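Biologist: I should like to go through the terms used for this model and see what each of them rests on. Shall we begin with the surface?

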Amino acid sequence: MHQICSDIRADRYMLIDLTARAGEKARIVASNWIYDAIDLVGLDLIVRMAVRNPVEAQALPPTVDAELLAGYGHVDIMGIPLRTGSKRYALLLTAEAPGRLMTRAVAKVELLCGYALSMLAGKLGATSNNDPLTERERECLFWVAEGKTTEEVGVILGVSTSTANSHLTSSIQKLGARNRALAIATAIRHGLI
């Protein structure tokens with residue numbers, strides 16, 4: 001992020017994950033903003049600023065106090081929406097001086113961020129948002145990966161062999177695998193077990 005800020009001449013950045021489940025809010029993934037500025041402005045308004053492309057000081061949402069932002073060093077403001085697979089992000093870049101941000105570098109920033117986000121998807125919580133397995137399916141798959149038979153999995157989990165087999169079949173289908181071995185490999189690769 002520091003290299004991206006340098007390329008576009010920004011002083012501050014905030015990367016926001018906009019992919020939220022029902023009832024959840026967007027979340028800040030990375031930022032070098034002062035906490036007081038985030039707290040005073042509020043995440044909802046920050047998200048509204050970030051999804052505009054580009055944000056100009058005079059085009060701030062009416063409920064955002066431009067003087068308040070300027071007091072924290074956010075005078076020149078630019079929002080860049082980003083997509084990585086099914087995930088949506090927004091990058092909010094700010095500078096302490098008006099007209100400092102280099103809008104001609106936006107394409108480069110989008111490319112670099114898209115690449116970085118796709119490489120870090122697992123570390124940014126993609127597993128929790130994209131985990132198709134139920135807890136019981138995950139447990140059954142884990143024990144099979146540990147070398148247990150379906151009968152042993154049933155005993156360990158206190159369910160019938162038929163129920164354990166049903167959970168395993170469901171996990172295989174949800175992971176798009178052809179068999180248990182491929183389902184285990186897929187689950188391990190995606191950090192599900």
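Modeller: Patches are made of residues with over 30% relative accessible area and no salt bridge (a side-chain nitrogen of Lys or Arg within 4 Å of a carboxyl oxygen of Asp or Glu); like charges are joined within 9 Å, and nonpolar side chains (Val, Leu, Ile, Met, Phe, Trp, Tyr) within 5 Å. The model is predicted: local features need pLDDT of at least 70 and side-chain atom pairs 80 or more, while totals for chains, interfaces and linings use all residues. Residues are numbered from 1 along each chain, and side-chain values use heavy atoms, without hydrogens or water.

Biologist: Which residues form the nonpolar patch on the surface?

Modeller: Tyr-115, Met-119 and Leu-120 form it, with about 350 Å² of accessible area together (Shrake-Rupley method, 1.4 Å probe, only the protein chains shown counting as cover).

Biologist: Why is Leu-120 called partly exposed?

Modeller: Buried means under 20% relative accessible area and exposed over 50%, with partly exposed in between. Leu-120 has 37%, and is therefore partly exposed.

Biologist: What makes E1 largely enclosed?

Modeller: Six of the six residues of E1 are buried, so the rest of the structure largely encloses this strand (strands, E, are DSSP runs of at least two residues, and helices, H or I, of at least four, numbered from the N terminus). Arg-12, Met-14 and Ile-16 lie on one side, and Tyr-13, Leu-15 and Asp-17 on the other.

Biologist: How do you know that E1 pairs with E2?

Modeller: Pairing requires at least two DSSP bridges between two strands. E1 and E2 (residues 27-31) have four, in the antiparallel sense; Asp-17 is partnered with Arg-27.

Technical notes. Buried means under 20% relative accessible area, exposed over 50%, partly exposed in between (1.4 Å probe, protein chains only).
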